[in-house]
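Ready to work through a protein model piece by piece? Grab a pencil, look at the picture, and try each exercise before you read its solution.

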Amino acid sequence: MPKKLLLLPPLSACSAFRAPGARPAAAPAMNAARTGYRVFSANSTAACTELAKRITERLGAELGKSVVYQETNGETRVEIKESVRGQDIFIIQTIPRDVNTAVMELLIMAYALKTACARNIIGVIPYFPYSKQSKMRKRGSIVCKLLASMLAKAGLTHIITMDLHQKEIQGFFSFPVDNLRASPFLLQYIQEEIPNYRNAVIVAKSPDAAKRAQSYAERLRLGLAVIHGEAQCTELDMDDGRHSPPMVKNATVHPGLELPLMMAKEKPPITVVGDVGGRIAIIVDDIIDDVESFVAAAEILKERGAYKIYVMATHGILSADAPRLIEESSIDEVVVTNTVPHEVQKLQCPKIKTVDISLILSEAIRRIHNGESMAYLFRNITVDD
């Protein structure tokens, strides 16, 4: 009669057996790292890492070890210098003037972390680039949608951003997006840093910005004024895809088809709806980039009797000659947050002031990592805000 063979479990399974009454073995040390998180900066320049350093200081953490640089041929290279396996990774990317390089840095770092087996990859992008290209223009493209798809493909699983140019942009993403607000910090600045702010009026430099201005006015219990007229040029006036294809001469028209002709727009003369005489005028918007429209609005408000003019915006891109134009204008002060690095512009124009928003970003990181609700960061925020 053949002998029965005693089959022993493999070595990995033997660890599951223990003598009766013996204590269970301690979990491997690597499991402890899986509950941790790391914060990386996707840009190695001093101006762009400033916000990342502020956030990590508030979190009591160290900035992750990585190297981001440009090759001599212009290619971007990213090297992660520590293990990220099983951890929640937060990539902080502020957008400098070279937008396309910043986007590539973010994409390559996200893909490198995905390859290194990070558990979750969360992008902290205070100013989301290409957010103004979120609508179809003639035969153009919705670039913001393309960027959202690229970020998902690179490995991002979540995004924290601030004051998207259009809130509908959140629908472009296939993963969660937390669109934080900078208005509490700007409102606090108005109350603490603007003398006699009770004599102020909140101004929308175009009808498009009226909802934002109304939100500020209602929270501060102040009056509201709106600038309207031919000097304003808004995104809504630009052609969209419905004007395509263009009219063709001698085009064949169906004899029974007579569509009503759309009348061309004609803007009325410049008008300020609301009283600004003898008041402090505070212009609010989400982005201040080309400042010509803000300078023109300030001139109009001066003519209507405003004796001091402030401009408040979340994202201070301040491109081209913006610092010089602000310095030479009737604007007394421009207040922006540090979502975008603008230290060079501040040296050129002392009228530019900065409000730090690292507090809300660090709290968002802490809550997401701990699985806590984000509702506290959106308290008293309505759909129109």
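**Exercise 1. Get an overview of the chain: what share of its residues is buried?**

Solution. Start with burial: of the 385 residues in the chain, 43% are buried. Keep in mind that you're looking at a predicted model. Next, take stock of the parts: the chain has 11 helices and 14 strands. Then look at the surface, where about 21,600 Å² is exposed and carbon and sulfur atoms supply 56% of that. Finally, check the contacts with a separation of 6 or more: 69% of them link residues 24 or more positions apart.

**Exercise 2. Find the order of the strands in the open sheet of 7 strands, and work out why one side of β10 and of β14 is left without a neighbour.**

Solution. Step one is the order, and reading across the sheet gives β10-β9-β8-β11-β12-β13-β14, with mixed pairing. Step two is the edges: β10 (271-273) and β14 (352-355) each have a single partner strand, so one side of each has no neighbour in the sheet. Step three is the twist, with neighbouring strands turned by 25° against each other on average, direction ignored.

Now add the helices. Helix α6 (residues 183-193) packs on the sheet and touches β11, β12 (308-316), β13 (333-337) and β14. The direction of α6 makes about 155° with that of β12. Helix α8 (residues 292-303) lies across β8, β9, β10, β11 and β12, and runs at about 170° to β11.

**Exercise 3. Take strand β8 (residues 200-204): how many of its residues are buried, and which way do they point?**

Solution. First, count: 5 of the 5 residues in β8 are buried, so the strand is mostly covered. Second, sort them by direction. In a regular strand, side chains alternate between the two faces of the sheet. Here Ala-200, Ile-202 and Ala-204 point one way, while Val-201 and Val-203 point the other way.

Third, look sideways at the partners. β8 pairs in the parallel sense with β11 (residues 280-288) over 4 bridges. Within that pairing, Ala-200 has Ile-280 as its bridge partner, and Val-203 stands opposite Ile-283. β8 is also joined by 4 bridges to β9 (residues 223-228), again running parallel. There, Ile-202 stands opposite Leu-224.

**Exercise 4. Follow the chain from strand to strand: which helix lies between β8 and β9, and which one between β13 and β14?**

Solution. Leave β8 and you pass through helix α7 (residues 210-220) before reaching β9, and the three make a right-handed β-α-β unit. Now jump to the other pair: β13 and β14 run parallel and are joined by 4 bridges. One of the partnerships there is Val-336 with Thr-354 in β14. The chain gets from β13 to β14 through helix α10 (residues 343-348), and this crossover is right-handed too.

**Exercise 5. Look at helix α3 (residues 46-59): how far does it reach, and what covers its buried residues?**

Solution. Begin with length: α3 has 14 residues and reaches 20 Å from its first C-alpha to its last, close to the 20 Å expected at 1.5 Å a residue. Next, list what's buried: Cys-48, Thr-49, Leu-51, Ala-52, Ile-55, Thr-56 and Leu-59. To make sense of that spacing, recall that an α-helix has 3.6 residues a turn, so residues three or four places apart point the same way. The cover over the buried residues of α3 includes β1 (37-41), β4 (88-92) and α11 (358-370). After the helix comes Gly-60, with a positive phi near 70°.

**Exercise 6. Decide for Thr-49 and Ile-91: buried or exposed?**

Solution. The cut-off you need is under 20% relative accessible area for buried. Thr-49, in helix α3, comes in at 9%, so Thr-49 is buried. Leaving out residues up to four places away in sequence, Thr-49 touches Ser-41, Asn-43 and Ser-44.

Ile-91 sits in strand β4. At 0% relative accessibility, Ile-91 is buried as well. With the close sequence neighbours left out again, residues that Ile-91 touches include Phe-40, Leu-106, Met-109, Leu-113 and Val-124. Val-124 is 33 residues away from Ile-91 in sequence, yet their C-alpha atoms are 5.7 Å apart in space.

Conventions
Residues are numbered from 1 along each chain as its sequence is written. This is a predicted model: local features need pLDDT of at least 70, side-chain atom pairs count only at pLDDT 80 or more; totals for chains, interfaces and linings use all residues. Side-chain values use heavy atoms; hydrogens and water are left out. Helices (H or I, at least four residues) and strands (E, at least two) are DSSP runs, numbered from the N terminus. Buried means under 20% relative accessible area, exposed over 50%, partly exposed in between (1.4 Å probe, protein chains only). Contact means heavy atoms within 4.5 Å. Accessible areas come from the Shrake-Rupley method with a 1.4 Å probe; for residues, only the protein chains shown count as cover. Two strands pair if DSSP finds at least two bridges between them. A crossover is right-handed if, with the strands pointing away from the viewer, the path from the first strand over the helix to the second runs clockwise. The expected span of a helix is 1.5 Å times one less than its number of residues. Axes are lines fitted to C-alpha atoms, for helices over the stretch in contact, and angles run from 0 to 180 degrees between N-to-C directions.
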